[in-house]
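Here are my notes on this model for your first read-through. Please keep the structure open beside them.

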There are 2 protein chains.
Amino acid sequence: MVLTEATTEQDRCHDRDEPPTGRQRVLEAAAWLFHRQGYRETTLRDIATASAMKAGSIYYHFDSKEQLLAAVLETGIERITADFVEAARAMPVDVAPRERLRRHVLAHLEALFIHGPFTTSHVTVFKNAPNAVRALAIPSRDAYEARWAELFDRFATEAVLKPGVDLALQRVLLLSTANATLDWFDRLGPHTVEDLAAALTNQFWLGVSALEPGAKRHRGSSPQPSSVPTAQGSTTTP
Amino acid sequence: MVLTEATTEQDRCHDRDEPPTGRQRVLEAAAWLFHRQGYRETTLRDIATASAMKAGSIYYHFDSKEQLLAAVLETGIERITADFVEAARAMPVDVAPRERLRRHVLAHLEALFIHGPFTTSHVTVFKNAPNAVRALAIPSRDAYEARWAELFDRFATEAVLKPGVDLALQRVLLLSTANATLDWFDRLGPHTVEDLAAALTNQFWLGVSALEPGAKRHRGSSPQPSSVPTAQGSTTTP
DNA sequence: GTCTATAACATGATAGAC
DNA sequence: GTCTATCATGTTATAGAC
C-alpha cells in the first residue's frame, strides 16, 4: 500500500474549459461520496459509477482506496489554506480585530460550504479514516491550524481579549464550532454563509448575554421564543 | 430486519452486584467499540471478543447489528436525558441564569465524558448510522433538544439575552460546540470537566472580547501566547 | 446461552484484452 | 485509459449441536 505522492499538480487546479480528466473525475466523485456517505460506506463501485467508469479502471489512476482518500484530504487542506491566505491578503491594513476575525471565519465557512466537498471531507471523514491516511494528513492540518494560532496570538498581543483566556482552547472552540455548522446549517441556520459567519463571530466575540459584564441594555426587539420541537432530523443532539 | 423494541428494561440499569448478563455485556462492548472505531469499522467478531463470546452467540440477544446500534443509541439518549432532568431537579430555585446554564452544560458534558460510551455514540456514530437506525433515534433526540429549547426560551422570557438573538441558532451552536469537545478535550482541554463546563459557559455567555460592548478593562494577567504548532494529531481542523 | 460450522453476500484489488 | 472478468478476503447472518 503506497500512500506517498497523494496529489499531483493537476489535482489542485485544472483548466476550466477542458472536460475534466479521468483522474479528476474520480477524485471529485470520491470527495463528494466520502463527504456524503463516509469512507467505509462508499465503495469503489459507487465512485466508479459517479465517475462514469468501471471499478477496475480506478486503479489506473490510484493505487488503492486509501490513497484516493489521502488525495482528497490533501486537496481539501490545500484549498482551505489557500482561502485563508487569500483572506489575509485581501485584509485592509487598519481593520478592527473583530472584523479581522469575521473575515477569516467567513473564508473558512466558504471553503466548507462553497468550495466543494474536498474541504468538508476533513470534517466528515478524517476522524474515521484509516490510521495511515490520518497520519499522512496531520501535518497539513496542523499547519492550517497554526495560521489560526497566529491570528489569535495577534489578538493577545493587541490585548483585545479578556485577560487570562486560554488561546489554544478558544481557538479550538471556535474552529470546532465552525466545522460543526456543516451538520445543521441547511436545516436552521441563517440564510447566507455571510450571515452565519457574522452570527458565529458575534457570538464568539461578544457572547449572548445582554447584561454582563456591566454592559448597557440594548434597545430593540426582544428575542422571540423558539419553536420547541425543532426540525425532524436532529443532527446536533446530544 | 426488525428494529422495534430496541431496548429492554435491563438495558437501562442492572444490579451493580450481579455480574452483567450476556446481553448487557454485548451492549456495553458494542457501545464502546462503536464510539471508538465507528459502526462500520466494528465487526460482530470485535464485539463478540470484547464480550467474551463468539460472534454467532450475539444473535441470541439481538436480531441484527443494526438493532444493536439502535439499542445503544436509545440507551444513550435515555441516560443523557435522565442527567438533564436530574440537573434540573437539583437546581436551586433562585439560581442566576448563567449558573443555570453552566449546570446544564456540566450535566451534558458529564453524560458524555463520564457516563460511558452510550451517550457519546450519539455524537460519534449517529451521523453515519444506517437510515433505518437514524430514523428510529430521531424522536428521542428531538425530545432531548426540546428540553434545551425550553431552557433557552426561559432565558428569553427573563430578557437576559441580547435582543434579537436567534434562540434556535444559539442553542444549536452551544450544543454542537459541547459535543465537539469530545474530539479534543483529552488533548488540550482544561483538566476537569467542571473547568471545561465553566469555560464553555463563560465563552458562550460573555464572549472573549475584553473591550466590547463598552465593558471596563479587567485587571489581571494578560493572555499568554499559545504554542503555535499545537499538538500532533489535529482533530479539529479545518 | 453459547458453541461450531457454514451459507450468502459484498468488497478491494488484480490480470489481461481492447 | 477503460473494459470485462475474477480472485481473495472479510462480513453479516443462519442452522443445529451441546
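**Notes on the protein and its DNA**

1. Start with DNA strand C. It has 14 residues around it, and A:Leu44, A:Tyr59, A:Lys65, B:Lys54 and B:His61 come nearest. A residue counts as near a strand if one of its heavy atoms lies within 4 Å of it.

2. A word on the source. This is a predicted model, where local features need pLDDT of at least 70 and side-chain atom pairs count only at pLDDT 80 or more, while totals for chains, interfaces and linings use all residues. Residues are numbered from 1 along each chain as its sequence is written, chains are lettered from A and ligands numbered from 1 in the order in which they are written, and side-chain values use heavy atoms, with hydrogens and water left out.

3. Which parts of DNA strand C come within 4 Å of the protein? Sugar or phosphate supplies 63% of those atoms, and bases supply the rest.

4. Now the polar contacts (pairs of N or O atoms within 3.5 Å). On DNA strand C, a side-chain N or O atom of A:Lys65 is 2.8 Å from a phosphate oxygen. B:Tyr60 places a polar side-chain atom 3.3 Å from a phosphate oxygen of this strand. A:Arg45 reaches a base: a polar side-chain atom lies 3.4 Å from a base nitrogen of DNA strand C.

5. Both chains contribute helices here. Helix 3 (44–50) of chain A and helix 4 (58–61) of chain B each supply at least two residues of the surface near DNA strand C. Helices are DSSP runs (H or I, at least four residues), numbered from the N terminus.

6. Turn to DNA strand D. Of the 14 residues around it, A:Lys54, A:His61, B:Arg45, B:Tyr59 and B:Lys65 come nearest. Sugar and phosphate make up 63% of the strand D atoms within 4 Å of the protein. Helix 4 (58–61) of chain A and helix 3 (44–50) of chain B each give at least two residues to this surface.

7. Phosphate oxygens of DNA strand D also have polar partners. One is 3.0 Å from a side-chain N or O atom of A:Ser57. For A:Tyr60, the side-chain distance is 3.3 Å. B:Leu44 uses a polar backbone atom, at 3.0 Å.

8. Finally, chain A as a whole. What does it contain, helices or strands? There are 11 helices and 0 strands. Of its 238 residues, 55% are buried (under 20% relative accessible area, 1.4 Å probe, protein chains only).

Methods:
Buried means under 20% relative accessible area, exposed over 50%, partly exposed in between (1.4 Å probe, protein chains only). A polar contact is a pair of N or O atoms within 3.5 Å; within protein, one must be able to donate a hydrogen and the other to accept it, and residues adjacent in sequence count only if both atoms are side-chain atoms.
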